[in-house]
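Me: Could you take a close look at one part of this protein for me, the open sheet, and walk me through how its strands fit together? I work with coordinates every day, so please spell out the cut-offs as you go.

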Amino acid sequence: MKNIRNFCIIAHIDHGKSTLADRLLEYTHTVSQRELQAQTLDDMDLEKERGITIKSHAIQMDYEYNGEKYVLNLIDTPGHVDFSYEVSRSIAACEGALLIVDAAQSIQAQTISNLYLALENDLEIIPVLNKIDLPSANPEEVTDEIVNLLGCAPEEVLRVSGKTGEGVLELLEQIVKKIPAPQGDSKAPLQALIFDSVFNPFRGIEAYFKVVNGSIRKGQKVKFMATGKTYDADEVGTLKLKQVPKNIIDCGDVGYIISGIKDAREVKVGDTITSVENPATIAIEGFEEVKPMVFAGIYPVESEDFEELRVSLEKLRLNDASLVFEAESSAALGFGFRCGFLGMLHMEIVQERLDREFDMNVITTVPNVSYLGYTKKDPEVAILINNPSEMMDPTTMERVEEPYIKASIITKSDFVGAVMTLCIEKRGEIVNQSYLTSERVELVFNMPLSEVVFDFYDRLKSISKGYASFDYHPIGFRPSKLVKMDILINGDMVDALSSLIHVDNAYSIGKKMCEKLRELIPRQQFDIAVQAALGTKVIARETIKALRKDVTAKCYGGDISRKRKLLEKQKEGKKKMKQIGRVEVPQSAFMAVLKLND
């Protein structure tokens with residue numbers, strides 16, 4: 001055990017985490033030159049295109065230092081705020097972390113939030129300044145920021161370049177010297193922490209784990225403590241670029257287990273594996289059920305593709321256990337599914353994967369968050385509201401509570417005013433404002449999650465010219481004055497456009513939505529009324545004018561009564577058409593609601 005080092009990499013998106021991981025693999029000869037490619041550990045097309053890690057990866061490297069052989073286990077972590085629970089489990093499986101900061105971009109919001117997670121788990125932090133080869137790099141200033149943040153000496157900050165490989169050998173030496181070996185009792189009952197799982201279509205679910213106490217051997221009967229189910233360890237092994245089967249995985253090491261599980265929901269990240277014949281009495285702490293934060297309806301464009309969409313979502317869930325869905329129907333869109341996501345990026349990725357991997361053309365409704373409703377009859381029991389249509393009648397309702405988040409925004413001092421205005425407009429309350437340097441400010445706000453779900457991130461990026469970084473975590477529910485706003489088109493309610501909004505914003509949002517829909521819904525042969533209503537009270541209205549044929553073109557000269565007769569006849573026709581005509585709402589209208597400020 002004394003020669004094992006388990007570590008992870010903490011970094012903001014695009015600070016060169018995957019590129020540095022490539023260099024570590026190359027310098028330890030884990031991957032041959034022929035197999036090495038850019039972002040070796042990111043094996044999804046989407047990850048390579050967007051430059052983000054969606055699924056965390058683990059890989060084992062062999063390294064020789066001063067004549068001794070060491071095993072280095074790199075447990076990679078996703079960089080985005082949506083996947084923070086996965087990050088927390090990966091960190092819990094490590095004893096050390098590389099804190100990577102881009103020498104050109106400086107410290108960002110996500111770096112700080114993941115650093116706090118690592119410090120809570122008592123990890124040894126090795127600060128690394130990456131991308132020092134860039135012409136725009138500012139190593140002296142950024143080193144000072146890292147020193148202020150960590151309280152370390154300036155010479156402890158390693159300067160490396162993931163691109164050229166400069167400083168990587170020194171980094172490997174520091175990993176061996178500074179990161180402590182894992183602690184654990186190899187004679188104790190087996191306790192192994194699951195930090196990730198992937199689906200293999202031929203072999204079922206492969207769970208990745210770190211052995212905290214005891215050891216796990218091939219053919220042993222094991223039990224997953226959160227689900228209480230038992231399985232046979234058909235194969236255990238370590239993770240190189242390809243899996244290496246072994247007979248035993250000892251205490252402190254990282255490996256994988258295959259036991260023929262077919263359903264991803266049976267393997268939960270953060271669960272503890274123990275043996276059946278000599279079980280551990282307590283599980284490793286920190287396990288949580290993953291809770292979806294954002295909900296949206298996903299509907300097939302062609303209603304006959306409903307079953308195909310169900311199959312696609314079930315297959316997708318095998319790879320992504322945090323996706324939850326249930327069938328629902330909408331008067332406007334037919335049959336579809338109500339899906340729960342970890343956040344907006346997660347939702348975008350699921351949509352993209354449905355399109356690429358399953359060739360599914362889908363309509364996504366306006367995303368919303370889940371609320372807690374309390375009735376006058378039973379004011380202590382909370383009713384979960386995931387969909388605006390589930391909102392209870394205002395006459396029986398005691399109160400509604402909505403989820404709040406603590407948002408941390410790091411920006412240049414020039415943009416503080418604009419960022420504050422945006423957050424206050426989104427019902428944010430400022431908690432703290434601190435200057436990290438004379439140029440960079442950290443703003444902390446408490447704000448409703450529902451305000452962040454829409455267009456907050458895009459607007460934050462545009463007002464700060466791309467400089468602001470944003471990170472958040474939930475802080476519980478608070479009572480709020482919420483109303484359900486319906487959109488009526490020609491008197492018919494379009495349930496997919498209904499939303500729960502704060503009473504103060506109802507009029508302005510209703511007006512904007514009506515104006516937007518007037519532009520997007522194509523004109524018909526009759527007038528269309530687009531209305532926003534709170535219950536029975538209409539708060540905004542726009543009219544889409546009818547297309548008119550010039551019926552009087554053939555009348556030249558003659559009496560006015562001839563023209564009037566033709567116009568009256570046309571008017572009667574339009575009136576009749578309005579009674580039987582139906583308006584098709586185009587797909588662009590459902591997404592336009594997200595971009596009301598454009």
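Reply: Happy to; here is the sheet, strand by strand, followed by a helix elsewhere in the chain and a short word on the cysteines.

First, some ground rules. This is a predicted model, in which local features need pLDDT of at least 70 and side-chain atom pairs count only at pLDDT 80 or more, while totals for chains, interfaces and linings use all residues. Residues are numbered from 1 along each chain as its sequence is written, and side-chain values use heavy atoms, with hydrogens and water left out.

For the setting, the protein chain holds 14 helices and 32 strands; helices (H or I, at least four residues) and strands (E, at least two) are DSSP runs, numbered from the N terminus. Of its 598 residues, 54% are buried, where buried means under 20% relative accessible area, exposed over 50% and partly exposed in between, with a 1.4 Å probe and protein chains only. Among contacts between residues at least 6 apart in sequence, 69% join residues at least 24 apart; a contact means heavy atoms within 4.5 Å.

Now to the sheet. It is open, has 8 strands, and runs in the order E11-E10-E16-E7-E8-E15-E12-E13 with antiparallel pairing; two strands pair if DSSP finds at least two bridges between them. At the edges sit E11 (229-232) and E13 (243-246), each pairing on one side only. From one strand to the next the twist averages 40 degrees, with axes being lines fitted to C-alpha atoms (for helices over the stretch in contact) and angles running from 0 to 180 degrees between N-to-C directions.

Start at the E11 edge. E10 (residues 221-224) pairs with E11 in the antiparallel sense over 4 bridges, and Lys221 stands opposite Asp232 in E11. E10 also pairs with E16, again antiparallel, over 3 bridges, with Phe224 opposite Ile273 in E16.

E16 (residues 272-275) is a good place to pause. In a regular strand the side chains alternate between the two faces of the sheet. Both faces of E16 are covered, with Thr272 and Thr274 buried on one side and Ile273 and Ser275 buried on the other. E7 (residues 191-200) joins E16 through 2 bridges, running antiparallel, and Leu193 has Thr272 in E16 as its bridge partner.

Further along the order comes E15 (residues 254-258), joined to E12 by 3 bridges in an antiparallel arrangement. Here Gly237 stands opposite Tyr256 in E15. E12 (residues 235-239) is largely enclosed by the rest of the structure, because 5 of its 5 residues are buried. E12 also pairs with the edge strand E13, antiparallel over 4 bridges, and Leu239 has Gln243 in E13 as its bridge partner. These two strands form a hairpin with 3 residues between them.

One loop residue is worth a look as well. Ser259 lies in the loop between E15 and E16 and counts as buried at 10% relative accessibility. Leaving aside residues up to four places away in sequence, Ser259 touches Ile205, Tyr231, Asp232 and Asp234. Asp232 is the residue that faces Lys221 across the E10 and E11 pairing.

For contrast, here is a helix. H1 (residues 17-27) has 9 of its 11 residues buried, so it is largely enclosed by the rest of the structure. The cover over its buried residues includes strands E1 (4-10), E2 (58-65) and E3 (68-75), along with helix H6 (168-178). The axes of H1 and H6 come within 10 Å and cross at roughly 80 degrees. That makes the two helices roughly perpendicular, a label used for 65 to 115 degrees, with under 35 as roughly parallel, over 145 as roughly antiparallel and the rest as oblique. At their contact, Leu20, Arg23, Leu24 and Tyr27 in H1 meet Val168, Leu169, Leu171 and Leu172 in H6. Just after H1, His29 takes a positive phi of about 55 degrees.

Finally, the cysteines. The count of disulfides is 0, a disulfide being a pair of cysteine sulfur atoms within 2.5 Å. The sulfur of Cys8 is 4.0 Å from the closest cysteine sulfur, in Cys94, which is too far for a bond. Cys8 is buried, with a relative accessible area of 0%, and Cys251 also counts as buried, at 3% relative accessibility.
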